[in-house]
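Me: I want the reasoning behind the labels, not just the labels. Here is the model.

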Amino acid sequence: MGPCPCKGGTITVERCSPDHPWAKRFWFRSTLVCKDCEEEYGFFSSAPDKPARLVLKIELKKREESSQNWHMKLREIESSQAFKELSEKLDARLGQERSAAARHRVLVHAGLATGMSLLRYRKQGHRLRTGEIEPALKLLGIQSTELESKALQAKRLWNLSELVPGGIETGIHGLEM
Ligand SMILES: [Zn+2]
């Protein structure tokens, strides 16, 4: 526990764990109690069991907006004619293979369907994702400046949405800088 940035209120960090003692899980709960600082500051943590950092609320908002913009960009790409055509061409290319195993091999070798087992591929098939535009174009030996630039835009928005806001020095034990 310690003072908030304006020293008019308090910041409390609690390490919480479930009632049963054998549970290994725990999490941090950080609370800011100050009418003035509540407007300006918030907490950010990469995971519940990681210490939070005190950050500017405006930074949290920017991150949230980038994440929304990224989702919007994905939807925009997926609904574009160029993406649909790419997906159809990929299906046509896979249609040349004789078995699911062969299709799966082609996909994996091209860097598509990464991490997807043959078993899961047999069950679910593969649906082209926006993050796979580059390898799909490469596999098919085609170019699309439209899709490539859109994929790049999506990647930039994703990177922005993953930026960790800078921590504000509080000197409080349990808060990360
Ligand atoms: Zn304050």
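Me: How many of the 177 residues of the chain count as buried, as a percentage?

Reply: This is a predicted model. In it, 19% of the 177 residues count as buried. The cut-off is 20 or more other C-beta atoms within 10 Å of a residue's own.

Me: What makes the chain more spread out than a compact globule?

Reply: Its radius of gyration is 23 Å. The globule rule gives 16 Å for 177 residues, and 23 Å is well over that, so the chain counts as more spread out than a compact globule. The C-alpha atoms fill a box of roughly 70 × 45 × 20 Å along the principal axes.

Me: How do you know where domain 1 and domain 2 lie, and how far apart are their C-alpha centres?

Reply: The domain assignment gives 2-66 for domain 1 and 68-161 for domain 2. Their C-alpha centres lie 38 Å apart. In contact are 4 residues of domain 1 and 6 residues of domain 2. On the domain 1 side, 3 are charged, 1 is polar and none is nonpolar.

Me: Why is the largest set of 15 residues called a nonpolar core?

Reply: Such a core is a set of buried residues of the listed nonpolar types, joined through C-beta atoms within 7 Å, so the name rests on burial and linkage together. Leu 86, Ile 133, Ala 136, Leu 147 and Ala 154 touch the most other members. Helices H2, H3, H6 and H7 each supply at least two residues. H7 gives the largest share, 4 residues.

Me: What does Leu 86 touch, beyond four places away in sequence?

Reply: Leu 128, Ile 133, Ala 136, Ser 144 and Leu 147. A second, separate core has 9 residues, including Cys 4, Ile 11, Tyr 41 and Phe 43.

Methods
Residues are numbered from 1 along each chain as its sequence is written. This is a predicted model: local features need pLDDT of at least 70, side-chain atom pairs count only at pLDDT 80 or more; totals for chains, interfaces and linings use all residues. Domain bounds come from an automatic or database domain assignment. Two residues are in contact if their C-beta atoms, placed from the backbone, lie within 7 Å. Ala, Val, Leu, Ile, Met, Phe, Trp, Tyr, Cys and Pro count as nonpolar, Asp, Glu, Lys and Arg as charged, and the others, Gly among them, as polar. A residue is buried if 20 or more other C-beta atoms lie within 10 Å of its own, exposed if 12 or fewer, and partly exposed in between; C-beta atoms are placed from the backbone. The radius of gyration is taken over C-alpha atoms; the globule rule is 2.2 Å times the number of residues to the power 0.38.
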